[in-house]
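Work through the exercises below with the model open beside you. Try each task before you read its solution.

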Amino acid sequence: MPEGTLCNKKPIQTKEELDALLADKSGKVYYEEMKSLDVDMDKLKSAFKNTLKSRTRTWLDMCAHCGLCADSCFLYNVNKRDPKQVPSYKIQTTLGELVRRAEKNKPVDNELMRYCMDTAWSKCTCCNRCGSYCPYGIDMGVMFSYLRGLLYAQGFVPWELKIGSGMHRIFRAQMDVTTEDWVETCEWMAEESEDEWPGLEIPVDKEGADVMYTCNAREPKHYPEDLAEAAILFHLTGENWTVPSTGWEQTSLSMFAGDWEACRMQVETVYDAIERLQPKRVIGTECGHAHRATVVEGPYWAGRKDGNPPAPYIHYVEWVHEVLTTGRLKLDPAKRIKVLTTYQDSCNYIRNHGMADKVREIMDYLVEPGYFIEMTPNREHNYCCGGGGGFNGVGKYRPQRNVALKCKRDQILATGAKLVISPCHNCWDAIRDLEEEYKIGIKWSFLKPLLIEMAIVPDHLKPAEE
Amino acid sequence: MYELLTGPLLWASVLICLGGLIFRVIQYIRGLSWQLDRVAYTAYPTHGFKGAARSILFWLIPFGNHGWRAKPGFTILFFCFHVGLVAVPLFLEGHVVLLREGLGIGWWPSMSMAVADFLTLLMLTAAGLIAIRRIALPEVRIITTAYDFLLLIITTAPFITGYFAAHQAANYEFWLLAHIAAGEIMLVAIPFTKLYHVVGFFLSRAQLGMDFGIKRGGKKKNFAW
């Protein structure tokens, strides 16, 4: 059976296909079918011909096998320094092997493809840390992302991520949240907050606003209070803001899946909203990969030569930094956090988008002096939370993911902190899961609830006395 | 034999080396793609240049970045090996004489024999330890191939033979011819093997530096290499 009914090379095109995949609990049939999925060698060869250019080829060919990347990889360290977790080994035995076989006209078998899949999604979170420890600057995170694209095109992709990219294709969101669901959630959250915050609105599709806000579909779907919190903070700071009715989803599971076409479709939906509503700028939620997908990589998927989205597009921590330092949001110093607190640097906007300093300044506002402690290593050199790059979401690799969490667990334990501030959905989830798995007695939080808790509310925004 | 090795073969190997490296550089740059690499290489020349320069510079300085600092032992081996490998052939008195007499270049600086000996022995010791490291450390052993040892042989051969030529008067002629042949083999090997990192190091580091400088946050904050 070359092509399965569920596991095949075709992207999800209809809701029926998506539902059929969802009905296959844990991807049982899907993974069974994968075992007999054929490899399309012509497709693989033509992909190499068209996309394997000098940067990646040099990375593969020039690697001096020095092994300096080994210790840079948290998965190598956390797996008892297993040599099979050395980044160079991982990429050479997967992408490197595929390239060699394609060039020598040797067949690529199903087993190798499944080994590539296991490696690309359970032995690399695309955190890009190895890239800064290689003397040649060989970034294996970038190469694994490239490999994921090749594997996706051949149908060798974890079940959840085939679904995830299918969701983006059907709903333009990583979950089945329709425009109606989204707009209703906005209305519902505005109503819910009205009593406590008179005059609070969540304006949908307002043209020419100062700010357009985008978020992660899990917020409207699973914790809509996050949306309410964003609204409260915009309300408190007097921001002239809006959300688009379509194009509000900033994340991209298709990026984790390597489904580049879906990546483009998703990000163009957001850019269309920007063009339609013409906000002065866009602010994204506290999510690392959403920022990477829509702000850092997205412009390239959409073919934008300057590498920028259609309007200035900032991460939530940049906005928080701005409103705190300009005094538009005032925090009550008496309410500053007085338990030992640490902060989780997200790979996607700290290592890969330069915000390390701004976050530290935010911490100065939030945490009582003497109560903030850094993890080691930190900033650009921090380790992945353990669940990045889609690792959190793939059931097949849950045991490996749980081992991966030990790195962050030990980093947090070494600080002695009881609270971890984590303005990234993925890190937040990983830290929640590590507490569930290893019970080290910590709490974790996004920025929004902490800011609301500490904010000084101007009298005119307070509810009228009964 | 001597005339052949120091005449046409020397010229041929130098030209193959330089020509091959120029070809490598052109081929690399031509193969960069803003859309495939997802880096707007030409859109931000200042950020690109700064990113590239920083990325190269911090890796040329011993202990200049987190990577070197994380592995102090290897860093020392690496620099001992490379300093000897680059400096001795370029500035050895005996080589400079050839430049002066053959090409009329009189301004080229030279190093004393004692310095050259010291750097050569340091380089050869480092090479030996690098070879042992390849076998001793499991994380290096798993990625090591015979090719890696071949490259160590190609790069150390001119130094071993050169050292004997300079210090063993008895077989002087043999060692000298062996040295010239080994040097020419290395020159020819450079563009065709991983030794093309002579230019590839700078290209690849510049590329990642531009990636960080332009796309991955360089407009907000310099990457802390």
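**Exercise 1. Helix crossings**

Task: determine the hand of the crossing of α7(A) and α9(A), then describe the packing.

Solution. The crossing of α7(A) and α9(A) is left-handed. A crossing counts as left-handed if the near helix is turned anticlockwise from the far one by less than a right angle, and as right-handed if clockwise. The model is predicted: local features need pLDDT of at least 70, side-chain atom pairs count only at pLDDT 80 or more, and totals for chains, interfaces and linings use all residues. Residues are numbered from 1 along each chain as its sequence is written, while chains are lettered from A and ligands numbered from 1 in the order in which they are written.

Next, the contact residues. α7(A) brings P87(A), I91(A), T94(A) and L95(A). α9(A) brings M140(A), M143(A), F144(A) and L147(A). Two residues are in contact if their C-beta atoms, placed from the backbone, lie within 7 Å. By class, this contact has seven nonpolar, one polar and no charged residues. Here Ala, Val, Leu, Ile, Met, Phe, Trp, Tyr, Cys and Pro count as nonpolar, Asp, Glu, Lys and Arg as charged, and the others, Gly among them, as polar.

Now the geometry. Two packed helices are described by the angle between their axes and the distance between the axes. For α7(A) and α9 (residues 140-153) of chain A, the angle is about 25° and the axes are 11 Å apart. That makes α7(A) roughly parallel to α9(A). Axes are lines fitted to C-alpha atoms, for helices over the stretch in contact, and angles run from 0 to 180 degrees between N-to-C directions. Angles under 35 degrees count as roughly parallel, over 145 as roughly antiparallel, 65 to 115 as roughly perpendicular and the rest as oblique.

**Exercise 2. A second helix pair**

Task: at what angle do the axes of α1(A) and α10(A) cross, and which residues make the contact?

Solution. Start with the axes of α1 (residues 15-23) and α10 (residues 159-171) of chain A: they come within 10 Å and cross at roughly 155°. That makes α1(A) roughly antiparallel to α10(A). The crossing is left-handed. K15(A), L18(A), L21(A) and L22(A) of α1(A) meet K162(A), I163(A), G166(A) and I170(A) of α10(A). The classes are five nonpolar, one polar and two charged.

**Exercise 3. The four-stranded sheet**

Task: what is the order of the four strands in the open sheet of chain A, and which are the edge strands?

Solution. The order is β2-β1-β3-β4 (chain A), with parallel pairing. Helices (H or I, at least four residues) and strands (E, at least two) are DSSP runs, numbered from the N terminus. Two strands pair if DSSP finds at least two bridges between them. β2 (241-242) and β4 (313-314) of chain A are the edge strands, each pairing on one side only.

Follow the bridges. Four join β1 (residues 211-214) to β3 (residues 281-284) of chain A. V211(A) has R281(A) as bridge partner, and Y213(A) has I283(A). Two bridges join β3(A) to β4(A). There, I283(A) is partnered by I314(A).

Add the helix. α16 (residues 288-301) of chain A lies across β1, β3 and β4 of chain A, at about 155° to β3(A).

**Exercise 4. The three-stranded sheet**

Task: which strands sit at the edges of the sheet β5-β6-β7 (chain A)?

Solution. This open sheet has parallel pairing. Its edge strands are β5 (341-343) and β7 (443-445) of chain A. The twist averages 25° from one strand to the next. Three bridges join β5(A) to β6 (residues 419-421) of chain A. T341(A) stands opposite L419(A).

**Exercise 5. Domains and chains**

Task: which helix gives the most to the side of domain 1 of chain A that touches domain 3 of chain A?

Solution. Take the bounds: domain 1 (39-157), domain 2 (172-314) and domain 3 (330-454) of chain A. They come from an automatic or database domain assignment. In chain A, 13 residues of domain 1 are in contact with 16 residues of domain 3. α6(A) gives the most to the domain 1 side, with four residues. That side divides into seven nonpolar, five polar and one charged.

Finally, the chain interface. 42 residues of chain A are in contact with 46 residues of chain B. α4(A) gives the most to the chain A side, with four residues.
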